[in-house]
Amino acid sequence: MTLNFEWLLALRFLREGRMQSLLILAGVTGGVAVIIFLTQLINQLQGSIIDRVLSSQAHIVIRPAEESALRLMSDAHIAANIQPRGQRLRSIDQWESIAQLVRNTPGISAVSPVASGPAFARHNLASKSVALVGMIPNDYRQVVKMNKYMIKGEFNLTGDQTIIGKDLANDLGVSQGDRIQILTDSGTQQTLTIVALFDLNNKDLNKRWVFTTLRMSQSLLNIPGGVSNIDLTVDDLFGAKPLAQRLSAQTGLLVESWMETNSGLLNALSNQTVTNNLIRVFIVIIVALGITSVLVVSVVQKQKEIGILRAMGAKRGQVMRIFLWQGAIFGALGSLMGASLSFALLTLFSNVYKAPDGSTLFAAQLDPNLVIMATCVAMIVGVLSALLPARRAARMDPVQAIRS
Amino acid sequence: MNMEHILQLTHVRKSYGIGSIVETEVLHGIDITLKRASFSALTGPSGSGKSTLLNLIGLLEAPSSGELIINGQNTSQLSDQALTQLRGHSLGFIFQFHHLLPAFNALENVMMPSIIDSQHLSKQQAMIRAKALLSAVGLENAFYKKPAELSGGMQQRVAIARALMMRPPLVLADEPTGNLDTHSADDIFKLMRKINQEQDIAFLIVTHDQRLAARCDQTFNLVDGHLQQKTTD
């Protein structure tokens, strides 16, 4: 017999109660669509937020350990008021060997030594406080993808050349090819030629960052041959924190990952994830209750038919499986339709909601794994929700059922 | 155990509310023996216990005491599974209100007992047999009609065809003509009689109609849970 009794009855009963079936199917579809849509939306938005935040930031920064005031006497009976020491600009001791050590550490994909410190940029009467960033362009590009942000010229410089942001250029009234004066608190002064302009989509950075060669910054900041920090890029974004802790223990230096410098953002993201999970759980519960209640009603409606089937030799297990199948069908069909609906919603949203610069905030993509997982979960939930009504149907006394 | 008999009831009693204050005995020691290929009627006023007795014979309820042997098999020790199996293979049911499945057409309704028992026949064989049965009850033009599109008499014919699907040695009919006009009732009765004679299938028919009962081979009259047997021939 190729025709499966339970399957046939499940489908036919569903078709018979058309309105009920359609309504609960719509419920499951809506539930699954919201879950898939929310998950895709939040995953993508979180991805793009992290991307944006990290695009102008190193994943890990190594700095010299902070200088602290040491107490001469360790007598507990003396009340001491210890003032924190001001932190002067210092170079990392033996930075070349540390850079070498880091380069050989697995999980780190780029290393860029940087000599960075405060300075003034001047042109004619305009004077702006800026952050000097002395680096080796080839190394630095590995850490911050500067090529993406260049609006004039290329991210490359030698000797007395400099690259500044478009907002600083505006403030100083200069452009590519002009010369600006850089002045540091050590009294050193240097005239540099602007070879390129960048726009990091961040006004503050556009006003403050002034790139020079490593050597130029070293001499301007008076740390000859030294670097103030080493910027790193890691392979696993969310493994940055433990990696930073390991490096700190290894080198005794101050090592901070993006996860610590952006702890507020990470907190917000994890709160968002928790909220999303809560919403998902509640939707699953509501959908399950919906399936259960529809099937309970259906069992009552089909009481007489169940009695006849039992009188004709249908076993309890067979009757039970009819309704379990129905639960599974609701789950499977609902999740396939839900996946399509969520794809439509994603397409709509990605066209309607865009970033201020006109680029899309997220792409209308469906993660196949997510769809498969949602289908499996929906089918399992469907079968579990059908369990109660199915048992009720199986336990029905055929005599009572036929008489009703 | 006598294989000559399709049904043997010995001292069968049925009580409801056992152990409670209002224990009521509905059947007080019933003895019935039906031969294979016999055609019998079960009559009695309302409340005499006819339906209960038919439910016991139909294995839909269990007797409180006594022995029930169907097709040579003692049912007292059988599990629920085995009872269902026996019911499916040895008994055909015809109810007063036909009880066809409204979602299925006439052909599918007749095939249903075979679909339930996946071991029985292939789909093709089941369909051939169901078509033959429907033709035999005069419904060769109504294979694909839903029960709602058929008259009462036609619905009862479908129910008869369905009861014969598994070639049961015994068919139980509960007021099969109770819901029909005199003419259709007579047709249905003749049809059952014909099947009985041609296919050697035993029938036990519950009826109020004394005229129909008189046309059966034997009549069991149930009064207040006691049996009074009359043999017509």
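These are my notebook entries on a predicted model with chains A and B.

**Entry 1: confidence in chain A**

I began with how far to trust chain A. Its mean pLDDT is 87, and 96% of the residues reach at least 70. I then went through the elements of chain A: strand 8 (residues 209-213) has the highest mean pLDDT, 95, while helix 14 (residues 398-403) has the lowest, 73. I made a note of helix 14 of chain A, as it comes back in the interface entry.

**Entry 2: domains of chain A**

Next I looked up how chain A is divided. Domain 1 takes in 5-53 + 265-403, and domain 2 covers 95-252. Over C-alpha atoms, the centres of these two domains of chain A are 53 Å apart.

**Entry 3: a look at A:E260**

I picked A:E260, which sits in helix 9 (residues 258-261) of chain A. Is A:E260 buried or exposed? I counted 15 other C-beta atoms within 10 Å, so A:E260 is partly exposed. I also checked its distance to A:I60: the two are 200 residues apart in sequence, yet their C-alpha atoms are 9.6 Å apart in space.

**Entry 4: overall form of chain B**

Turning to chain B, I found seven helices and ten strands. The C-alpha trace spans about 55 × 40 × 35 Å along its principal axes. Why call chain B compact? A compact globule of 233 residues would have a radius of gyration near 17 Å, and chain B has 18 Å, so the two agree. Buried residues make up 47% of the 233 residues of chain B. I also looked at contacts in chain B with a separation of 6 or more: 70% of them join residues 24 or more positions apart.

**Entry 5: strands of chain B**

I traced an open sheet of four strands in chain B, in the order 2-1-4-5 and with antiparallel pairing. Strand 2 (24-35) and strand 5 (73-74) of chain B are its edges, each pairing on one side only. Further in, strand 1 (residues 5-16) and strand 4 (residues 65-70) of chain B run antiparallel and are joined by five bridges. One partner pair I looked up there is B:Q8 with B:I69 of strand 4.

I then moved to strand 6 (residues 91-94) of chain B, which pairs with strand 7 (residues 170-174) of chain B in the parallel sense over four bridges. B:G92 stands opposite B:V171 of strand 7. Strand 6 of chain B is covered on both faces: B:L91 and B:F93 are buried on one side, B:G92 and B:I94 on the other.

**Entry 6: the nonpolar cores**

In soluble globular proteins, nonpolar side chains tend to be buried together. Here the largest nonpolar core has 117 residues. Those with the most contacts inside this core are A:F323, A:A393, B:V110, B:L134, B:L172 and B:F203. Helix 12 (residues 316-352) of chain A gives the largest share of this core, ten residues. Apart from this core lies another of 52 residues, including A:I62, A:L192, A:L221 and A:V227.

I followed B:L172 a little further. Setting aside neighbours within four places in sequence, its contacts are B:L54, B:I57, B:G58, B:L91, B:F93 and B:L204.

**Entry 7: where A meets B**

Last, I checked the contact between the chains, which takes 23 residues from chain A and 26 residues from chain B. On the side of chain A, the elements giving two or more residues are helix 1 (5-16), helix 11 (303-311), helix 12 and helix 14. Helix 1 of chain A gives the most, with six residues.

Key
Residues numbered from 1 in each chain as written. Chains lettered and ligands numbered in written order. Predicted model: local features only at pLDDT ≥ 70, side-chain atom pairs only at ≥ 80, totals over all residues. Core = buried A, V, L, I, M, F, W, Y, C linked by C-beta atoms within 7 Å. Buried ≥ 20, exposed ≤ 12 C-beta atoms within 10 Å, placed from the backbone. Contact = placed C-beta atoms within 7 Å. pLDDT = per-residue confidence, 0-100. Pairing = 2+ DSSP bridges. Domains from an automatic or database assignment. Rg over C-alpha atoms; globule rule 2.2 N^0.38 Å.
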